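Student: I have a structure here and some terms I do not follow. Can we go through them?
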Amino acid sequence: MILAAIRSVLTYVAVSLYVLIVAPPGMLIAAITGAKRHLYVLGHLGVRLGLSLSGIRVRVAGLEHTPRDRAAVYCSNHQSNIDPPVIFEVVHPRLHILYKAEIDAIPVLARAFRYGGFIPVDRRNKEAALRSIDAGAASLRAGNSFLIFPEGTRSRTAELLPFKKGGFIMAIKAEAPIVPVAVQGGRDSMRKGSWIIRPVTVSVRVGAPIASAGFTLDRRDELIAIVRGRITALLAEGPV
């Protein structure tokens, strides 16, 4: 526990310094040129730094299912704060994220997210949330893939929480396929309410895409049930 705590502190300090050093010039270049590819390169380097320092290893299976010829919505279960950076790193080179608006309280990180095309969702404001969903659908149509965690928060158990509908409405509006993702092991690394990151191996399974084309908004619950079933089946296969 003591070693894990020390490594955790080093990870937080190193990643924070990395963001403070590389984010401002990266955002300046994005503001001047309109380009954002370099932000993803910097983002992946930062994630690798954090995973390496904290001792997180990742095993992944099913990457052959990721559609490289079109944008998709990657839909994952959510066990811990480890999940987003792990999936961001291993599943897709330029994965946009629908994130909780609360993160906007971290100014530098929030600004980098905005420049990278990430979209905040304020679940306390229905009108603002709907605007975010519409913005996400437009971004999908423009060719940008997104990561969503439809449970909305981390589950404390192995059971999936109820799925929120916003990400699925976004996919239906853009007629983008939904790729089910199952992540396991994150809860052993970072339990909800704990700041300590324990060194573990995180498993990521990627399933075959599910077409949203043909589904109307009135049928979104049917699409949600299909995706939820696929994620449940991937989780039942166990770690990679």
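Tutor: Note that the model is predicted. A place to begin is helix 6, whose buried residues pack against strand 2, strand 3 (96–100), helix 5, strand 5, strand 6 and helix 8.

Student: What makes helix 6 mostly covered?

Tutor: Seven of its nine residues are buried. They are Gly-167, Phe-168, Ile-169, Met-170, Ala-171, Ile-172 and Ala-174. Buried means under 20% relative accessible area, so each of these residues falls below that cut-off.

Student: How do you know that Phe-168 touches Leu-223?

Tutor: Contact means heavy atoms within 4.5 Å, so a pair of their heavy atoms lies within that distance. Phe-168 also touches Cys-75, Pro-150, Phe-163, Ile-178, Ile-224 and Val-227, with residues up to four places away in sequence not counted.

Student: Which residues touch the most other members of the largest nonpolar core?

Tutor: Leu-140, Phe-168, Met-170, Ile-178, Leu-223 and Val-227, out of 31 residues. Among the elements giving two or more residues to this core are helix 5 (126–141), helix 6 (166–174) and helix 8 (220–236). A second, separate core has 27 residues, including Tyr-40, Tyr-74, Leu-95 and Val-202.

Student: Why is the crossing of helix 1 and helix 4 called left-handed?

Tutor: Helix 1 (residues 2–33) and helix 4 (residues 107–115) pack at about 35 degrees. A left-handed crossing has the near helix turned anticlockwise from the far one by less than a right angle, so that is how helix 1 passes helix 4.

Student: Which residues of helix 4 make the contact?

Tutor: Val-108, Arg-111, Ala-112 and Tyr-115. Counting both helices, the contact has nine nonpolar residues, no polar and one charged. Arg counts as charged, so the charged one is Arg-111.

Terms used. Residues are numbered from 1 along each chain as its sequence is written. This is a predicted model: local features need pLDDT of at least 70, side-chain atom pairs count only at pLDDT 80 or more; totals for chains, interfaces and linings use all residues. Side-chain values use heavy atoms; hydrogens and water are left out. Axes are lines fitted to C-alpha atoms, for helices over the stretch in contact, and angles run from 0 to 180 degrees between N-to-C directions. Helices (H or I, at least four residues) and strands (E, at least two) are DSSP runs, numbered from the N terminus. A nonpolar core is a set of buried Ala, Val, Leu, Ile, Met, Phe, Trp, Tyr and Cys residues joined through side-chain atoms within 4.5 Å. Buried means under 20% relative accessible area, exposed over 50%, partly exposed in between (1.4 Å probe, protein chains only).
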